[in-house]
Amino acid sequence: MQYLVSVINDNANLATPEEDAAIDVFNDRLQAKGYWVFAGGLGAPGTATVIDNRGGEAMFTDGPFVETKEYVVGFWIIEAPDLDVALKLAAEGSKACNRKVEVRPFL
């Protein structure tokens, strides 16, 4: 089963060199153990564009969908046999990046 592990932060600071190194080690371990699917960092919320095409014409709005103190700054998509393994891996990812994470299964 695949899981989305969202990395949550409350400021626009990028990872420190130490955090980057720990993330690289964690990513290497995910790949070596076969859990890796994909991962990436995201731009700051101010770089977002919201598109709403539910009506007759697409509406484009600069900025994030919602105003919030915390936002997603990156993510991993992992392949894990069950939720317990996914949660264990997410805890390791949280430690590596020094940020909170949220785990959600793909349906």
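**Figure 1. The lining of the largest cavity in the predicted model divides into seven nonpolar, no polar and no charged residues.** In this predicted model, the residues that line the largest cavity are Val-5, Phe-26, Leu-30, Trp-76, Ile-78, Leu-89 and Ala-90. Helix 1, strand 5 and helix 2, the last of which covers residues 83-97, are the elements that give two or more residues to this lining. The space in the largest cavity comes to about 30 Å³, and the count of cavities of 30 Å³ or more is one.

**Figure 2. The largest pocket has a volume of about 460 Å³.** Its lining is made up of 24 residues, and those that lie nearest the centre of the pocket are Ala-15, Gly-41, Leu-42, Val-73 and Gly-74. Two or more lining residues come from each of strand 1 (2-9), helix 1 (17-33), strand 2 (36-41) and strand 5 (71-79), and strand 5 gives the most, with five residues. Sorted by class, the lining of the largest pocket holds 14 nonpolar residues alongside eight polar and two charged ones.

**Figure 3. The second largest pocket holds about 290 Å³ of space.** Of the 13 residues that line the second largest pocket, Pro-45, Pro-64, Phe-65, Tyr-71 and Val-72 lie nearest its centre. By class, this lining consists of nine nonpolar, two polar and two charged residues.

**Figure 4. Strand 5 in the linings of the largest cavity and the largest pocket.** Strand 5, which covers residues 71-79, is one of the elements that give two or more residues to the lining of the largest pocket, where its share of five residues is the most from any element. Strand 5 is also among the elements that give two or more residues to the lining of the largest cavity, and helix 1 likewise appears in both lists.

**Figure 5. The protein that surrounds these views has two helices and six strands.** Read from the N terminus on, its elements follow the order β-α-β-β-β-β-α-β, and the C-alpha trace spans about 45 × 35 × 20 Å along its principal axes. Of the 107 residues in the protein, 26% are buried, while the accessible surface of the protein amounts to about 7,300 Å², with 57% of that area belonging to carbon and sulfur atoms. When contacts between residues at least 6 apart in sequence are taken together, 77% of them join residues at least 24 apart.

Definitions and conventions
Residues numbered from 1 in each chain as written. Predicted model: local features only at pLDDT ≥ 70, side-chain atom pairs only at ≥ 80, totals over all residues. Heavy atoms only, no water. 1 Å grid on protein atoms, 1.4 Å probe; cavity = no way out; pocket = protein on both sides within 12 Å on 5 of 7 lines; lining within 4 Å. Points joined across faces, edges and corners; volume = space filled by probe spheres on them. Helix = DSSP H or I, 4+ residues; strand = E, 2+ residues; numbered from the N terminus. Nonpolar A, V, L, I, M, F, W, Y, C, P; charged D, E, K, R; others polar. Buried < 20%, exposed > 50% of the residue type's maximum accessible area, 1.4 Å probe, protein only. Contact = heavy atoms within 4.5 Å. Areas by Shrake-Rupley, 256 points an atom, 1.4 Å probe, with all protein chains shown as cover.
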